[in-house]
Number of protein chains: 2
Amino acid sequence: MAASLDPIIALTRDGMTAVNSIIVDRMQSEIDLIPQLAGHLVASGGKRIRPMLTLASAMMAGETPEAKANAAKLAAAVEFIHTATLLHDDVIDESNMRRGQQTANAIWGNEASVLVGDFLFARAFELMVETGNIHVLGRLSNASARITEGEIQQLMIAGKPDTDIDDYLSVIIGKTAELFAAAAEAGGMIAGGDDALNNTLNNALNNALPNALKDYGMALGIAFQITDDALDYDADETRLGKNVGDDFAEGKTTLPVMMAYHDGDADEKAFWQRTLGDGDIGDGDLAHAQALITKHDTISRSLAEARRHAEAAEQCLAPFPASPARDGLMEAARFAASRAV
Amino acid sequence: MAASLDPIIALTRDGMTAVNSIIVDRMQSEIDLIPQLAGHLVASGGKRIRPMLTLASAMMAGETPEAKANAAKLAAAVEFIHTATLLHDDVIDESNMRRGQQTANAIWGNEASVLVGDFLFARAFELMVETGNIHVLGRLSNASARITEGEIQQLMIAGKPDTDIDDYLSVIIGKTAELFAAAAEAGGMIAGGDDALNNTLNNALNNALPNALKDYGMALGIAFQITDDALDYDADETRLGKNVGDDFAEGKTTLPVMMAYHDGDADEKAFWQRTLGDGDIGDGDLAHAQALITKHDTISRSLAEARRHAEAAEQCLAPFPASPARDGLMEAARFAASRAV
């Protein structure tokens with residue numbers, strides 16, 4: 001049977017109800033535009049995999065009831081950070097579709113998207129402050145800085161299909177995997193309460209858990225982003241919920257293109273340079289790009305690379321005792337590299 | 001003798017040297033563009049009044065040596081938050097001049113300005129985390145949320161010269177005064193250590209100090225912004241270091257215009273509606289706007305309003321024992337409503 005998010009969704013159903021009310025509550029403001037704009041994105045229904053990671057990680061670490069409430073706040077904070085980066089990304093990419101809907105900047109303009117992103121980022125820190133755990137704050141503020149570094153590096157490799165694989169990995173670690181890693185690690189950190197931990201795990205494993213969750217989240221995030229990048233050239237728009245070929249139109253340098261460029265002949269390299277490199281894209285160019293990607297089989301090869309990272313993610317949690325939380329997280333990793341949505 | 005910033009500058013000279021090294025140190029990144037872009041703004045030399053407020057407030061509260069190091073970190077964090085908002089403002093305003101220099105977005109593009117702003121904001125929180133004081137973190141994250149609310153509200157009153165004065169005050173409190181208030185209050189909060197406080201102040205005053213510093217900063221910030229708004233129609237470009245008439249060109253609703261609109265006849269109201277309201281601005285319109293502002297004497301009247309808030313700021317600190325820090329802060333308030341630079 002195909003891997004699925006169903007187990008982690010079922011496991012975190014109650015927690016996510018709490019997270020969703022926090023999200024709705026904390027996007028309120030006397031300035032009506034803020035809940036309108038933020039609500040548009042929130043209601044457009046991402047999978048909310050990041051907050052689920054925080055909740056399931058806290059469960060795996062054996063949360064106390066108090067930790068449960070704090071984990072929900074952290075999970076909402078993680079989703080706010082993610083939502084803020086999406087708002088700013090859409091400004092940067094000049095996208096007008098995301099998750100099958102018009103983007104906020106297309107409706108309300110860039111100014112409002114920049115500022116509401118800033119608002120959600122500030123709200124995320126207010127939520128983290130309420131948990132009273134300054135170590136978690138440190139972890140998530142560091143992740144936030146790294147996200148922006150990844151996004152800036154992404155601008156710098158844009159239009160360069162000859163980019164080194166290490167630079168590509170560095171970009172997707174920054175822009176995606178750091179927040180997955182921090183989301184999972186923060187769940188593990190907040191669930192502490194030595195008593196809770198001692199009840200479920202022996203001490204050596206105890207101390208290792210937040211770090212293992214961090215490594216798990218990092219590998220999972222890499223798998224998730226490579227899959228996303230591969231499907232951008234493949235899935236039809238209704239399935240993926242964004243415009244197919246967006247990455248091509250924006251000159252984004254992603255793995256399927258880098259592989260096709262690397263293995264291409266001089267004509268093919270010239271094609272990638274003209275289109276992705278120089279932004280000179282005309283009718284039929286997206287179809288030709290997809291044909292070259294099919295010729296070199298780079299969607300499958302990218303997905304194989306994603307699977308390798310997903311397996312590494314699973315291995316991070318394998319040493320810990322089986323539990324619904326651990327097993328749900330492990331299956332989520334398998335799903336990340338196989339998802340068709 | 002005219003009020004001056006010289007006393008607070010002299011008082012915080014050593015501290016600001018520490019703050020400046022923290023700023024230079026923490027804007028570093030493996031991504032070269034970040035220190036380049038951030039350094040451009042930092043080097044363009046604002047007055048850094050906000051971090052000076054934090055340092056002088058900590059002094060006034062009787063800082064311990066440990067608190068001194070933490071106050072420098074907080075002061076740098078406050079300047080990072082301010083710099084981040086400037087970067088995002090310039091994207092929103094489409095400005096290409098600030099402090100007499102080209103803006104970052106004019107040189108590097110909007111994308112980089114949005115992302116480096118986000119980076120500095122995240123770095124600000126990392127610095128605050130290092131102080132270990134979660135109450136200060138709460139205060140500054142709340143201020144950050146309010147800044148964005150003020151900026152969004154500013155977009156909403158743009159082009160509306162008939163705006164209510166309460167709405168204008170709400171905008172400038174959000175976009176400017178909240179950070180002044182949090183900068184001063186945070187200095188007072190971090191300097192605690194009950195011993196330090198008890199050495200310098202009696203207990204009742206002690207407990208009241210952070211709150212008094214908050215009220216002081218709030219009133220000072222209002223005075224500062226009203227003065228800035230008034231001088232935008234008055235000072236020549238070299239003195240103010242920005243383009244005179246920027247606010248007019250951007251359709252910003254500020255006090256001198258609101259007063260001139262309120263007191264204007266039907267023709268004058270129609271002029272403001274066409275230019276500031278509808279953005280239909282041609283040759284000679286700025287000069288005509290300035291003539292109307294002179295006719296109704298609204299620069300002087302705005303500056304009188306600023307002085308009223310500056311005096312209120314002074315009164316907040318008057319109950320506390322005289323000290324170089326208190327006196328420097330009080331003179332800074334007088335300066336805020338008289339500055340010609």
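Here is a short walk through this predicted model, from a single chain to the pair and then into one helix contact.

**Start with chain A.** Select chain A and colour by secondary structure: you'll find 18 helices and two strands. Now switch to a burial view. Of the 341 residues in chain A, 55% are buried. If you have a contact map to hand, pull it up too. Taking the contacts in chain A between residues at least 6 apart in sequence, 80% link residues at least 24 apart.

**Bring in chain B.** Superpose chain B on chain A and the RMSD comes out at 0.0 Å, after a turn of 180 degrees and a shift of 0.0 Å along the axis. That's how a two-fold axis relates its copies. To find your way to the axis, select I134(B): within chain B, its C-alpha is the one nearest the axis, at 3.3 Å.

**Look at the interface.** Next, select the interface residues on both chains. Of those in chain B, 100% are interface residues in chain A as well, so the two copies meet through the same surface.

**Zoom in on α8 and α9.** Back in chain A, select residues 134-157 for helix α8 and residues 165-190 for helix α9. How are these two helices of chain A packed, by angle and by axis distance? The angle is about 165 degrees and the axes sit 7 Å apart. An angle over 145 degrees counts as roughly antiparallel, which is what α8(A) and α9(A) are. Turn the view until one helix lies over the other, and you'll be looking at a left-handed crossing of α8(A) and α9(A).

Finally, colour this contact by residue class: between α8(A) and α9(A) there are 13 nonpolar, six polar and eight charged residues.

Technical notes
Residues are numbered from 1 along each chain as its sequence is written. Chains are lettered from A and ligands numbered from 1 in the order in which they are written. This is a predicted model: local features need pLDDT of at least 70, side-chain atom pairs count only at pLDDT 80 or more; totals for chains, interfaces and linings use all residues. Copies are superposed by least squares on the C-alpha atoms of residues with pLDDT of at least 70 in both. Two residues are in contact if their C-beta atoms, placed from the backbone, lie within 7 Å. Axes are lines fitted to C-alpha atoms, for helices over the stretch in contact, and angles run from 0 to 180 degrees between N-to-C directions. Helices (H or I, at least four residues) and strands (E, at least two) are DSSP runs, numbered from the N terminus. Angles under 35 degrees count as roughly parallel, over 145 as roughly antiparallel, 65 to 115 as roughly perpendicular and the rest as oblique. A crossing is left-handed if the near helix is turned anticlockwise from the far one by less than a right angle, and right-handed if clockwise. Ala, Val, Leu, Ile, Met, Phe, Trp, Tyr, Cys and Pro count as nonpolar, Asp, Glu, Lys and Arg as charged, and the others, Gly among them, as polar. A residue is buried if 20 or more other C-beta atoms lie within 10 Å of its own, exposed if 12 or fewer, and partly exposed in between; C-beta atoms are placed from the backbone.
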